[in-house]
Amino acid sequence: MREKRKAAAATGALACEVCGFDFEAAYGGLGAGYIEVHHTKPVHMLTPGTKTKLADLALLCANCHRMMHRKQSPIDLELLGNLIPEKVN
């Protein structure tokens, strides 16, 4: 998961892939480098020994991350984004 954060940080700010929220922009130094990482393929559904790829991870703010886990089955990132009337970006 650190690799996903590092890859995103190298390209610019760490922002939620669903709503665009940037912890550093909102909280200054306190939020610098902070973002939650979500497994797009639920860990409990993976077979033992499965390696997680960067493409299987999404960077999310705390609110979007919680909404992703509200249902039993995974919610698509784009679908969740379409539920938000006004996104940050």
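A pocket is here an open set of grid points with protein on both sides within 12 Å along at least five of seven lines, and its volume is the space filled by probe spheres set on the points.

Q: What is the volume of the largest pocket in this predicted model?
A: The model is predicted, and its largest pocket is lined by 13 residues, with His 38, Pro 42, His 44, His 69 and Gln 72 lying nearest the centre. That lining divides into 5 nonpolar, 7 polar and 1 charged residues. The volume of this largest pocket comes to about 170 Å³.

Q: Which helix has the lowest mean pLDDT among the elements of the protein?
A: Over the whole protein the mean pLDDT is 85, and 84% of the residues reach 70 or more. Among the elements, helix α2 (residues 23–27) has the highest mean, 95, whereas the lowest, 64, belongs to helix α1.

Q: Which residue in β2 is the bridge partner of Glu 36?
A: Strand β1 (residues 36–39) pairs with β2 in the antiparallel sense over 4 bridges. On β2 (residues 57–60), Leu 57 and Leu 59 are buried on one side, and Ala 58 and Leu 60 are buried on the other. The partner of Glu 36 in β2 is Leu 60.

Q: Which residue forms a salt bridge with Asp 56?
A: The count comes to 1 salt bridge, taking a cut-off of 4 Å between nitrogen and oxygen. Asp 56 is buried, with a relative accessible area of 13%, while its partner is partly exposed at 42%. In this pair the closest N and O atoms are 3.6 Å apart, and the residue that joins Asp 56 is Lys 41.

How values were computed
Residues numbered from 1 in each chain as written. Predicted model: local features only at pLDDT ≥ 70, side-chain atom pairs only at ≥ 80, totals over all residues. Heavy atoms only, no water. 1 Å grid on protein atoms, 1.4 Å probe; cavity = no way out; pocket = protein on both sides within 12 Å on 5 of 7 lines; lining within 4 Å. Nonpolar A, V, L, I, M, F, W, Y, C, P; charged D, E, K, R; others polar. pLDDT = per-residue confidence, 0-100. Helix = DSSP H or I, 4+ residues; strand = E, 2+ residues; numbered from the N terminus. Buried < 20%, exposed > 50% of the residue type's maximum accessible area, 1.4 Å probe, protein only. Pairing = 2+ DSSP bridges. Salt bridge = Lys/Arg side-chain N within 4 Å of Asp/Glu carboxyl O.
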